[in-house]
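Me: Please take one part of this molecule and look at it closely, beginning with a single charged pair and working outward from there. I am in my first year, so please explain each term when it comes up.

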Amino acid sequence: MANFTDALKAEIARLVRKETKTEFERLRKLSASHRSEIAGLKRDIKSLQSQVKALTKFRPAAPTSPMAAANVLSKPARNFGPQTLIALRKKLGVSQEGMALLLECSALSIGRWEAGKAVPRRAQLTRIVKALDLSKESAAAHLEQIKQSKA
């Protein structure tokens, strides 16, 4: 009788393994297809994020007021040159570092713009246009305020 129960147990175990094997195989295939779909979606997300980053890089900064918008439109980027920035810096009486603080960029960028080795982006041009309206005193006050906020 022991042989019969052992054989029955073995047969039941074999049938269970056979049934679960087909179920697990189906689940494996489903999980593999889901994983490949997830990987494809991740690739799509990554490509869309890079496209958004590229588009926002070239999107001009929105002017804060109608007057600023009129100033930006009245002084297009193609009229900007190194001499304009040099003249502005001399008018305001600031160094390249001070001008960099006013325009929220690096002093290296100011040097490259003044040397004609690089051209400011649209966002920087709007800041330069705003700086054109500053007086020497207001520029000095603004610089002092920036230095105090950084300290």
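Reply: A good place to begin is the salt bridge between E104 and R127, whose closest N and O atoms are 3.5 Å apart; the term salt bridge is used when a side-chain nitrogen of Lys or Arg lies within 4 Å of a carboxyl oxygen of Asp or Glu. Before going further, please keep in mind that this is a predicted model, in which local features need pLDDT of at least 70 and side-chain atom pairs count only at pLDDT 80 or more, while totals for chains, interfaces and linings use all residues. Residues are numbered from 1 along each chain as its sequence is written, and side-chain values rest on heavy atoms, with hydrogens and water left out.

E104 sits in the loop between α4 and α5 whereas R127 belongs to helix α6, so this pair ties together parts that are 23 residues apart in sequence. The helix names follow DSSP runs numbered from the N terminus, a helix being a run of H or I of at least four residues and a strand a run of E of at least two. The two partners can also be compared with the surroundings: E104 counts as exposed at 56% relative accessibility, and R127 is partly exposed, with a relative accessible area of 29%. Here buried stands for under 20% relative accessible area, exposed for over 50%, and partly exposed for what lies in between, using a 1.4 Å probe and protein chains only. E104 has another feature to look at, for its phi is near 60°, a positive value in a residue other than glycine. As background, most residues other than glycine have a negative phi.

The salt bridge between E104 and R127 is one of five in the structure. Another joins E23 and R26, with an N to O distance of 2.4 Å, and these two residues, three apart in helix α1 (residues 2-58), are separated by about one helical turn. E23 is partly exposed at 41%, and R26 is partly exposed at 48%.

From the loop that holds E104, we can turn to the helices around it. The chain has seven helices and zero strands. α3 and α4 pack with their axes 10 Å apart and at an angle of about 100°, and α3 and α4 are therefore roughly perpendicular. An axis is a line fitted to C-alpha atoms, for helices over the stretch in contact, and the angle runs from 0 to 180 degrees between N-to-C directions; angles under 35 degrees are called roughly parallel, over 145 roughly antiparallel, 65 to 115 roughly perpendicular, and the rest oblique. In this packing L85, L88, R89 and L92 of α3 meet Q96, M99, L102 and L103 of α4, where contact means heavy atoms within 4.5 Å.

The helix that carries R127 also meets α3. The axes of α3 and α6 come within 10 Å and cross at roughly 40°, which makes α3 oblique to α6. This contact is made by L85, L88, K91 and L92 on the α3 side and by I128, A131 and L132 on the α6 side.

L92, which lies in helix α3, deserves a separate look. At 2% relative accessibility, L92 counts as buried. Leaving out residues up to four places away in sequence, L92 touches M99, L102, A131, L134, S135, K136 and A139. L92 and A139 are 47 residues apart in sequence, yet their C-alpha atoms are 6.5 Å apart in space. M99, with its own neighbours within four places left aside, is in contact with L85, L88, R89, L92, V94 and I110.

These contacts lead to the largest nonpolar core, which has 16 residues, and those with the most contacts inside it are L85, M99, L103 and I110. The elements giving two or more residues to this core are α3 (82-92), α4 (96-103), α5 (107-115), α6 (122-132) and α7 (136-150), and the largest share, four residues, comes from α4. A nonpolar core is a set of buried Ala, Val, Leu, Ile, Met, Phe, Trp, Tyr and Cys residues joined through side-chain atoms within 4.5 Å. In general, nonpolar side chains of soluble globular proteins tend to be buried together. Taking the chain as a whole, buried residues make up 20% of its 151 residues, and among contacts with a separation of 6 or more, 63% are between residues 24 or more positions apart.
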